[in-house]
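Colleague: I would like to go through the ligand site and ask what each label rests on.
Modeller: Go ahead.

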Amino acid sequence: MPFADDVRAGLTALPKTLPSRYFYDQLGSAIFEAITLLPEYYLTRAETEILTAHADEIIADAQPSRLIELGSGSAQKTRYLIEAGLRRQRNLDYSAIDISQTVLAATAKALRAQYAGLTVNSYQGEYYGGLRALAQANSRPGETGHRALALFLGSNIGNFDPPEALRLLRAIRDVLEPGDALLLGADLKKNRATLEAAYDDAIGLTGAFNLNILARINRELRGRFKVRSFRHRAVYNEEHGRVEMHLVSTTDQVVAIDALPLHVSFSQGESIHTESSYKFSRDDVERLARNAGFELQYVWSDAEHRFACHLLRCV
Ligand code: AVI
């Protein structure tokens, strides 16, 4: 079972880690949705501002007859691009890749009902599995004369360490053809205070989001974490250009996880590194894009230059 194996590997490593993808059980996903509404968490609002203002321009540059979205979720922000696409041409294809079949089905239903000219195809899986399923279903996703625009929004790329981010962009590039493009949403490097506040909000939602991973281990692996004996910490690691989230043990303690079985010792102040959220400069994106087989063509940012959407053209 991957969750059990990853928890064992992470909690027996030094320093201790847990993969951030396990934040997103039903409760964690609901908390994340709430985080996007926080005053401190500017990312979602800034990206929405960009898409509201520039969707027609993005579509005019990419000229897609097909949108392919990784981690589509409820496709809330995607609607700006869908509507711009349908203003430009009567018909548009939308291929959604998401981990959750329930979310995919609900989103497909809502989109079909709302947009007459839109064909929706859903691919359930994690990013790599979803891309494989998409490639199998379409030997040539962007057929000749029918360009594809892949979408990877929300700075989700930031939750991958650099080698993994490169591997993922290459996998996206592999399902595209020269002339196709990728729209990459990325949070920008900025002052420490703004970044740390975005990941350590005043009402404690991000703390709850982080601590929920321990509660999930308790629920699913018969863990015995005393969740209240850990505290949330978010810090900008400027050297690595990332906000790190940690869970810090407030006391010396040993925690049993019965389903593994495993006993994990913590000393007071010891932390579990649960998430990295990388922040980007234009150069960072340009380098990453080039190494993955793309060329950075256009950048749109919000009025306060906190976030940017990058149009990467396949070379
Ligand atoms: C999903 N991802 C881009 C979020 C981020 O900003 O790294 C996850 C998150 N972690 C804490 N707050 C939000």
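Colleague: How many residues surround the ligand, and which are the closest?
Modeller: In this predicted model, 14 residues surround the ligand, and Tyr41, Asn159, Tyr199, Glu275 and Ser277 are the closest.

Colleague: What makes the approach of tyrosine 199 to the ligand a polar contact?
Modeller: A polar side-chain atom of tyrosine 199 is 2.5 Å from a ligand oxygen atom. The cut-off is 3.5 Å between N or O atoms, so the pair qualifies.

Colleague: And which ligand atoms do asparagine 159 and glutamate 275 approach?
Modeller: Asparagine 159 places a polar side-chain atom 2.8 Å from a nitrogen atom of the ligand. For glutamate 275, a polar side-chain atom also lies 2.8 Å from a ligand nitrogen atom. As for cover, the ligand taken alone exposes 340 Å², of which the protein buries 98%.

Colleague: How do the residues of the shell divide by type?
Modeller: Seven are nonpolar, six polar and one charged.

Colleague: Which elements each supply at least two residues of the shell?
Modeller: Helix 9 (205–221) and strand 11 (271–278) do.

Colleague: Why is strand 11 called largely enclosed?
Modeller: Buried means under 20% relative accessible area. Eight of the eight residues of strand 11 are buried, so the rest of the structure largely encloses this strand.

Colleague: How do you know that strand 1 and strand 8 pair with strand 11?
Modeller: Pairing requires at least two bridges. Strand 1 (residues 16–17) has two to strand 11, running parallel, and strand 8 (residues 242–249) has seven, in the antiparallel sense. Both therefore count as paired with strand 11. Histidine 273 of strand 11 is the bridge partner of threonine 17 and of histidine 246.

Definitions and conventions:
Residues numbered from 1 in each chain as written. Predicted model: local features only at pLDDT ≥ 70, side-chain atom pairs only at ≥ 80, totals over all residues. Heavy atoms only, no water. Near = heavy atom within 4 Å. Polar contact = N/O pair within 3.5 Å; in protein donor to acceptor, adjacent residues only side chain to side chain. Areas by Shrake-Rupley, 256 points an atom, 1.4 Å probe, with all protein chains shown as cover. Helix = DSSP H or I, 4+ residues; strand = E, 2+ residues; numbered from the N terminus. Nonpolar A, V, L, I, M, F, W, Y, C, P; charged D, E, K, R; others polar. Buried < 20%, exposed > 50% of the residue type's maximum accessible area, 1.4 Å probe, protein only.
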